[in-house]
Amino acid sequence: MMDKYPDELTCDMVETYGVFDVKRLPVQLLATLAVGLREDSRIKMHMNGAKITRLESLLAATVDR
């Protein structure tokens with residue numbers, strides 16, 4: 001994750017946990033914190049190839065109908 005999406009992960013860690021230097025965290029703790037990020041976090045959206053959140057998708061579908 002750190003190799004592919006370092007900026008997204010860093011932004012999410014700062015925003016959610018206040019952790020500015022993710023490289024200083026033990027790998028297991030970093031993984032645990034990353035799994036705990038919300039579904040619309042930058043890293044999870046990027047890893048899933050999503051451009052919009054699930055809520056935005058539902059709202060768009062509602063408007064379209």
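Where is the place of Thr-53? Thr-53 sits in the loop between α3 and α4 (54-64). The structure is a predicted model, in which local features need pLDDT of at least 70, side-chain atom pairs count only at pLDDT 80 or more, and totals for chains, interfaces and linings use all residues. Residues are numbered from 1 along each chain as its sequence is written, and side-chain values use heavy atoms, with hydrogens and water left out.

The protein chain has four helices and zero strands. Helices (H or I, at least four residues) and strands (E, at least two) are DSSP runs, numbered from the N terminus. Along the sequence, the pattern reads α-α-α-α. The C-alpha trace spans about 50 × 20 × 15 Å along its principal axes. The radius of gyration of the protein chain is 14 Å, whereas a compact globule of 65 residues would have a value near 11 Å. This radius is taken over C-alpha atoms, and the globule rule is 2.2 Å times the number of residues to the power 0.38. Buried residues make up 26% of the 65 residues. Here, buried means under 20% relative accessible area, exposed means over 50%, and partly exposed lies in between (1.4 Å probe, protein chains only). Contact means heavy atoms within 4.5 Å. Among contacts between residues at least 6 apart in sequence, 37% join residues at least 24 apart.

The core comes next. In soluble globular proteins, nonpolar side chains tend to be buried together. A nonpolar core is a set of buried Ala, Val, Leu, Ile, Met, Phe, Trp, Tyr and Cys residues joined through side-chain atoms within 4.5 Å. The largest such core in this model has eleven residues. They are Tyr-5, Leu-9, Met-13, Val-19, Val-22, Leu-25, Leu-30, Leu-33, Ala-34, Leu-37 and Ile-43. Two elements, α1 (6-17) and α2 (27-35), give two or more residues to this core. Helix α2 gives the most, with three residues.

Helices α1 and α2 also form a pair. Two packed helices are described by the angle between their axes and the distance between the axes. The axes of α1 and α2 come within 11 Å and cross at roughly 75°. Helix α1 is therefore roughly perpendicular to α2. Axes are lines fitted to C-alpha atoms, for helices over the stretch in contact, and angles run from 0 to 180 degrees between N-to-C directions. Angles under 35 degrees count as roughly parallel, over 145 as roughly antiparallel, 65 to 115 as roughly perpendicular and the rest as oblique. On the α1 side, Leu-9, Met-13 and Tyr-17 take part; on the α2 side, they meet Leu-30, Leu-33 and Ala-34. By class, this contact has six nonpolar, no polar and no charged residues. Ala, Val, Leu, Ile, Met, Phe, Trp, Tyr, Cys and Pro count as nonpolar, Asp, Glu, Lys and Arg as charged, and the others, Gly among them, as polar.

Single residues fill in the picture. Leu-33 belongs to helix α2. Its relative accessible area is 18%, so Leu-33 is buried. Beyond its neighbours within four places in sequence, Leu-33 is in contact with Met-13, Tyr-17 and Leu-25. Leu-33 and Ala-50 are 17 residues apart in sequence, and their C-alpha atoms are 21 Å apart in space.

Ile-43, another member of the core, lies in helix α3 (residues 42-48). Ile-43 is buried because its relative accessible area is 0%. Its C-alpha atom is separated by 17 Å from that of Leu-55, twelve residues apart along the chain.

Arg-42 is also placed in helix α3. At 37% relative accessibility, Arg-42 counts as partly exposed. Not counting residues up to four places away in sequence, Arg-42 touches Glu-8, Cys-11, Asp-12 and Glu-15. Arg-42 and Thr-10 are 32 residues apart in sequence, yet 9.5 Å apart in space, C-alpha to C-alpha.

Thr-16 has its place in helix α1. Thr-16 counts as partly exposed, at 37% relative accessibility. Leaving aside neighbours within four places in sequence, Thr-16 is in contact with Leu-37 and Arg-38. The C-alpha atoms of Thr-16 and Leu-55 are separated by 20 Å, with their positions 39 residues apart along the chain.

Thr-53, in its loop, is buried, with a relative accessible area of 16%. Apart from neighbours within four places in sequence, Thr-53 is in contact with Asp-40 and Met-45.
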